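Got the model open in your viewer? Let's walk through it stop by stop, selecting a few residues at a time.

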Amino acid sequence: VSPVSISTANSNRDGTSGTITQLYTTPADGARISYVRAVATGTTTAGMIRVFFSATSGGTKYLIGEISVSAVTPSASVPVWNGELVFTEPLLMKQNYTLHVSTHNAETFHVFAVGAEYA
């Protein structure tokens with residue numbers, strides 16, 4: 001699945017306000033999402049990446065997990081921060097179900113949904 005870039009701070013956990021970026025829309029045959037991965041593009045401070053689920057394309061969003069971001073100053077010997085939200089069982093997604101993401105702090109992350117689409 002193609003990554004999205006997020007960078008606008010949003011401390012809300014209710015899925016109704018602030019900047020929330022659509023990460024993935026399920027195709028007609030459905031999909032299984034195994035995990036969501038986030039990678040910083042630079043220095044990070046303590047915060048969160050939030051992952052939301054919606055049973056419609058852009059409708060009511062529900063917080064389904066958070067990825068804790070730690071403070072990292074990358075260098076030649078220190079990699080950028082990265083983290084994952086791994087689902088114990090794959091997240092089964094029906095047609096037009098969507099995943100959305102936001103970042104607590106105004107720092108840039110690339111976020112990926114990893115799984116398989118049904119054919």
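Start by selecting W81 and F109: are they buried or exposed? Both W81 and F109 are buried, where buried means under 20% relative accessible area, exposed means over 50%, and partly exposed is whatever lies in between (1.4 Å probe, protein chains only).

Before you click on, a word on what you're looking at. This is a predicted model, in which local features need pLDDT of at least 70 and side-chain atom pairs count only at pLDDT 80 or more, while totals for chains, interfaces and linings use all residues. Residues are numbered from 1 along each chain as its sequence is written, and side-chain values use heavy atoms, with hydrogens and water left out.

**Stop 1: the aromatic pairs**

Rings of Phe, Tyr and Trp (its six-membered ring) pair if their centres lie within 6.5 Å; planes under 30 degrees apart are called stacked, over 60 edge-to-face, and the rest tilted. By this rule there are two aromatic pairs. Select F53 and Y97: they sit edge-to-face, 5.2 Å centre to centre and with 85 degrees between the planes. F53 belongs to strand β4 and Y97 to the loop between β6 and β7, so this pair links distant parts of the chain, 44 residues apart. Strands here (E, at least two residues) are DSSP runs, numbered from the N terminus. Both F53 and Y97 are buried.

Now go back to W81 and F109. They too form an edge-to-face pair, 5.6 Å centre to centre with 90 degrees between the planes. W81 lies in the loop between β5 and β6 and F109 in strand β8, so the pair ties together parts that are 28 residues apart in sequence.

**Stop 2: the sheet around F109**

Keep F109 highlighted and show the strands as ribbons. What stands opposite F109 in β8? I6 does, and A40 stands opposite F109 as well.

Two strands pair if DSSP finds at least two bridges between them. β8 (residues 109-117) pairs with β1 in the antiparallel sense over three bridges. β8 also pairs with β3, again antiparallel, over nine bridges.

Zoom out a little, and you can follow an open sheet of four strands in the order β1-β8-β3-β6, with antiparallel pairing. β1 and β6 stand at the edges with a single partner strand each, so one side of each is left without a neighbour in the sheet. On average, neighbouring strands of this sheet are turned by 20 degrees against each other, direction ignored; the axes are lines fitted to C-alpha atoms, and angles run from 0 to 180 degrees between N-to-C directions.

**Stop 3: the salt bridges**

Side chains of opposite charge can pair when their charged atoms come close. A salt bridge here is a side-chain nitrogen of Lys or Arg within 4 Å of a carboxyl oxygen of Asp or Glu. How many turn up in a search of the whole structure? The search finds three.

Select R37 and E84, whose side chains meet in a salt bridge of 2.9 Å, N to O. R37 is in strand β3 (residues 31-40) and E84 in strand β6 (residues 82-93), 47 residues apart. R37 is partly exposed at 26% relative accessibility, and E84 is partly exposed at 37%.

Next, select E66 together with R13. Their closest N and O atoms are 3.3 Å apart, forming a salt bridge. R13 is in the loop between β1 (4-6) and β2 (21-25), and E66 is in strand β5 (residues 62-69), so the pair ties together parts that are 53 residues apart in sequence. R13 is partly exposed at 46%, and E66 is partly exposed at 32%.

Leave E66 selected and add R50: their side chains meet in a salt bridge too, at 2.7 Å, N to O. This pair links R50 in strand β4 (residues 47-54) with E66 in strand β5, 16 residues apart. R50 is buried, with a relative accessible area of 0%. With R13, R50 and E66 all on screen, you have a network of salt bridges.

**Last stop: H100**

Finally, select H100 in strand β7 (residues 98-103). H100 is buried, with a relative accessible area of 2%. Add T98, and you'll find a polar contact between the two side chains at 2.8 Å. A polar contact is a pair of N or O atoms within 3.5 Å; within protein, one must be able to donate a hydrogen and the other to accept it, and residues adjacent in sequence count only if both atoms are side-chain atoms.
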